[in-house]
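Open the model in your viewer and keep the sequence panel visible. Each stop on this tour gives a selection and then what is found there.

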Amino acid sequence: MAVNCSNCHTSLQLPSEAQSIRCPICHANNPIDIADPALCLPPPSSSFSSSSSSDHHNHDYPHAPPAMAPSPYNHAPLGPPPSVHGRKRAVICGISYKNSRRELKGCINDAKYMKYLLVKRFNFPESSILMLTEEEDDPCRHPTKSNIRMAMCWLVQGCQAGDSLVFHYSGHGSQQRNYTGDEIDGYDETLCPVDYETQGMIVDDEINATIVRPLPLGVKLHAIIDACHSGTVLDLPFLCRMDGGGSYTWEDHRPRSGMWKGTNGGEVISFSSCDDSQTSADSLDLSRITSSGAMTYSFIQAIERGTGTTYGAMLNAMRSTIHKRDDNQGGGGIVSSVLTMLLPGGNGGGLKQEPQLTANEIFNVYSKPFSL
């Protein structure tokens, strides 16, 4: 049975025979009166109306995306969206897999640093940031498969023109064989929730269907994915293939089947830790004080040092940090306390990962200003 939260109106799936349910968003406890028709959700709302992008961005796409079909993932909540605190919203997920053989040391740190960055640098209200880590007291905010799915639905539900959304993930990523022919390399990319060994991974097709395809015109989503094999984990149509000198071309990753992987008029840009065939680092290689993901560290550093003014500059700066382990300390800045905890050190070596940029439309990466 589906019901609305009495406080924030988030749609909730009520377990059979349950007499109350706690909302994972606002924490309100909702006693259930089955006889009260006001608690029952209305039929699924109609899909976002189709909107065309500007002509010079169509690149052989239809002038408008196809009509949105219902999500094949039945966990997606139905009914009215949750209340929104302002025009900016973020989901931040950091998973340590503590006490397991695949434990990571820096991912929860990454989540904390990213939240600080969004609040202090980009003016995201703390009340509009949903944190999922094993350190959260509320079990509804642990990074389980179910909770990550619900968080992704919350992120985009009810969004409208002018909204800026962020999805940050730091944890394990993997691949699994694709049998539909939609992947150039023959593999789907995946994210690994804390309970992935029993509940399974979250596949790129689902991520695309949940947070990419529904976005209406005027909404912008940035994804920052610090995980192995994450180059195309949002299944976006275009990948910016950049060489060591900064020259780039856009690779067309649209499925040969013709399946739509773009948005409903919105804009999605994803920074990922490495190419689909690469792994990414979680270590002290870039910081001698505390563990962090190399990609999250380099992303924050590019913003703090002012070198990430455009998307091309961001990508180059991140790669430079990872390759060279630049030991020049950034000067001041509003998030300098983050970098104080992540002071770079050492020279030489370099980590064998190449941050990647993917998008739903191609653009000039050196002229488009970067902003969240």
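Select strand β7, residues 164-170, in this predicted model. Which residues lie on each side of β7, and are they buried or exposed? On one side are Ser-164, Val-166, His-168 and Ser-170, and on the other are Leu-165, Phe-167 and Tyr-169. Both faces are covered, and the residues on both sides are all buried. That makes seven buried residues out of seven in the strand.

Now add the strands that pair with β7. Select residues 88-94, which form strand β5. β5 and β7 run parallel and are joined by seven bridges. To see one position along this pairing, show Ala-90, which stands opposite Val-166 of β7. Next, select residues 220-226, strand β11. β11 also runs parallel to β7, again with seven bridges. Here, show Tyr-169 and its bridge partner in β11, Ile-225.

The next stops are aromatic rings. How many aromatic pairs does a search of the whole structure find? The search finds eleven. For one of them, select Tyr-97 and Tyr-196. The ring centres are 6.1 Å apart and the planes stand at 85°, over the 60 degrees needed, so this pair is edge-to-face. Tyr-97 lies in the loop between β5 and α1, whereas Tyr-196 belongs to helix α3 (residues 196-199), so the pair ties together parts 99 residues apart in sequence. Tyr-97 has a relative accessible area of 3% and is buried. Tyr-196 also counts as buried, at 17% relative accessibility, because the cut-off is under 20%.

Move on to Phe-271 and Tyr-311. Their ring centres are 6.1 Å apart with the planes at 10°, so this pair is stacked. Phe-271 sits in strand β14 (residues 267-272) and Tyr-311 in helix α6 (residues 311-324), so parts 40 residues apart in sequence are tied together. Both residues are buried.

Keep Phe-271 and Tyr-311 selected and widen the selection to the aromatic cluster they belong to. Its other members are Phe-122, Tyr-248, Trp-250, Phe-299, Phe-363, Tyr-366 and Phe-370.

Stay with Phe-363 and add Lys-368. The charged end of Lys-368 sits over the Phe-363 ring, 5.4 Å from its centre.

For the last stop, return to β5 and select Arg-89 together with Trp-154. Which part of Arg-89 sits over the ring of Trp-154? The charged end does, 5.4 Å from the ring centre.

Technical notes. Residues are numbered from 1 along each chain as its sequence is written. This is a predicted model: local features need pLDDT of at least 70, side-chain atom pairs count only at pLDDT 80 or more; totals for chains, interfaces and linings use all residues. Side-chain values use heavy atoms; hydrogens and water are left out. Buried means under 20% relative accessible area, exposed over 50%, partly exposed in between (1.4 Å probe, protein chains only). Helices (H or I, at least four residues) and strands (E, at least two) are DSSP runs, numbered from the N terminus. Two strands pair if DSSP finds at least two bridges between them. Rings of Phe, Tyr and Trp (its six-membered ring) pair if their centres lie within 6.5 Å; planes under 30 degrees apart count as stacked, over 60 as edge-to-face and the rest as tilted. A charge sits over a ring if NZ of Lys or CZ of Arg is within 6 Å of the ring centre and within 35 degrees of the ring normal.
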